[in-house]
Amino acid sequence: MILSPSLLSADFGNLEQTLKDLEKAGISWVHWDVMDGLFVPNITFGQHVIKLLRPKTKLFFDVHLMIEQPERYLEDFKKAGADMLVIHAEATKHIQRTLAEIRRLGMQAGISLNPATPLNVLDYVLDDVDLVLLMSVNPGFGGQSFLPTTYEKVRTLKKMLGNRKCHIQIDGGVTPENTTELTKAGADVLVSGSAFFAHPPFDKRHEAFQKAAI
Ligand code: DX5
Ligand code: ZN
């Protein structure tokens with residue numbers, strides 16, 4: 001299981017040190033929650049911050065774009081050093097074109113669904129994605145409670161993907177306690193913000209998540 005800690009719960013004034021601490025704890029991915037105050041009722045950071053931190057770490061930059069019309073910023077995030085761009089199906093009129101453009105720019109392409117968005121949105125883009133992110137909270141804030149409807153949604157998505165090489169990522173309210181059932185259902189990348197950063201030391205907390213994974 002890949003744990004991708006969400007920086008939304010980290011100290012924004014100390015990101016360089018946080019990234020170094022994550023690497024020391026054996027973490028390989030880091031989750032950037034980019035928010036524009038339109039698609040979600042919150043604002044965080046963007047391509048300029050990511051660009052500054054890029055040279056400071058080898059971590060895989062898993063960038064979650066909670067922004068309207070993400071197609072406007074693909075090149076910016078590529079230049080900033082994003083390794084993967086995850087767009088929201090609800091945030092663009094042109095899902096397939098945007099996913100294809102992300103890959104053309106040389107990044108891995110991901111698509112995220114809000115809790116109420118049905119899986120059939122994915123029907124014609126399953127071969128255009130390297131990752132599907134199922135939101136287990138309504139996006140915008142850390143520290144919310146996990147929505148249990150996610151378990152069935154993961155199981156159904158797993159079947160839909162068949163033997164495609166595509167990650168299933170879960171994001172929102174993920175803890176070591178729900179990690180077992182999520183990974184049993186088929187999730188292989190878990191995002192954790194508050195349940196990770198509120199429980200240092202990071203190496204022990206990383207171990208707790210990995211031990212709970214099937
Ligand atoms: C919410 C973000 C999540 C969130 C996870 O909009 O997409 O990544 O930061 O934080 P926790 O793990 O605290 O729910
Ligand atoms: Zn996220």
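This short talk walks through one protein chain, its zinc ion and the ligand beside which several residues gather.

Please keep in mind throughout that what we have here is a predicted model. Let me begin with the chain as a whole, whose secondary structure comes to eight helices and eight strands. Along the principal axes, the C-alpha atoms fill a box of roughly 45 × 35 × 30 Å. For 214 residues, a compact globule would be expected to have a radius of gyration near 17 Å, and because the chain has 16 Å, the value agrees with that expectation. Of those 214 residues, 56% count as buried.

Now to the metal. Which residues coordinate the zinc ion, ligand 2? They are His31, through NE2, Asp33, through OD, His64, through ND1, and Asp171, again through OD, at 2.1 to 2.3 Å. The arrangement is octahedral because the six donor atoms around the zinc ion subtend angles of 70 to 175°. If you follow the donor residues along the sequence, you will find them spaced H-x1-D-x30-H-x106-D. Within that set, Asp33 and Asp171 link distant parts of the chain, since Asp33 sits in strand S2, residues 29–35, while Asp171 belongs to strand S7, residues 167–171, and the two are 138 residues apart. As for their surroundings, Asp33 and Asp171 are both buried.

These two aspartates bring us to ligand 1, for which there are 20 residues around it, and those that come nearest are Asp33, Gly140, Asp171, Gly193 and Ser194. Looking at individual contacts, an N or O atom in the side chain of Asp171 is 2.5 Å from an oxygen atom of ligand 1. The backbone also takes part: an N or O atom of the Gly140 backbone lies 2.7 Å from an oxygen atom of the ligand, and a polar backbone atom of Gly193 is likewise 2.7 Å from a ligand oxygen. On its own, ligand 1 has 380 Å² of accessible area, and the protein covers 100% of it.

I would like to finish with a single residue, Arg54, whose place is in the loop between helix H2, residues 47–53, and strand S3, residues 60–66. Is Arg54, then, buried or exposed? Its relative accessibility is 18%, and because buried means under 20%, Arg54 counts as buried. A polar atom of the Arg54 side chain also lies 2.9 Å from the backbone oxygen of Thr57.

Conventions. Residues are numbered from 1 along each chain as its sequence is written. Chains are lettered from A and ligands numbered from 1 in the order in which they are written. This is a predicted model: local features need pLDDT of at least 70, side-chain atom pairs count only at pLDDT 80 or more; totals for chains, interfaces and linings use all residues. Side-chain values use heavy atoms; hydrogens and water are left out. Donors are N, O and S atoms within 2.8 Å of the metal (3.2 Å for Na, K and Ca); water is not among the atoms, so sites may look incomplete. Four donors count as tetrahedral if all angles lie between 85 and 135 degrees; four count as square planar and six as octahedral if opposite donors are over 155 degrees apart and all others between 65 and 115; anything else is irregular. Helices (H or I, at least four residues) and strands (E, at least two) are DSSP runs, numbered from the N terminus. Buried means under 20% relative accessible area, exposed over 50%, partly exposed in between (1.4 Å probe, protein chains only). A residue is near a molecule or strand if one of its heavy atoms lies within 4 Å of it. A polar contact is a pair of N or O atoms within 3.5 Å; within protein, one must be able to donate a hydrogen and the other to accept it, and residues adjacent in sequence count only if both atoms are side-chain atoms. Accessible areas come from the Shrake-Rupley method with a 1.4 Å probe; for residues, only the protein chains shown count as cover. The radius of gyration is taken over C-alpha atoms; the globule rule is 2.2 Å times the number of residues to the power 0.38.
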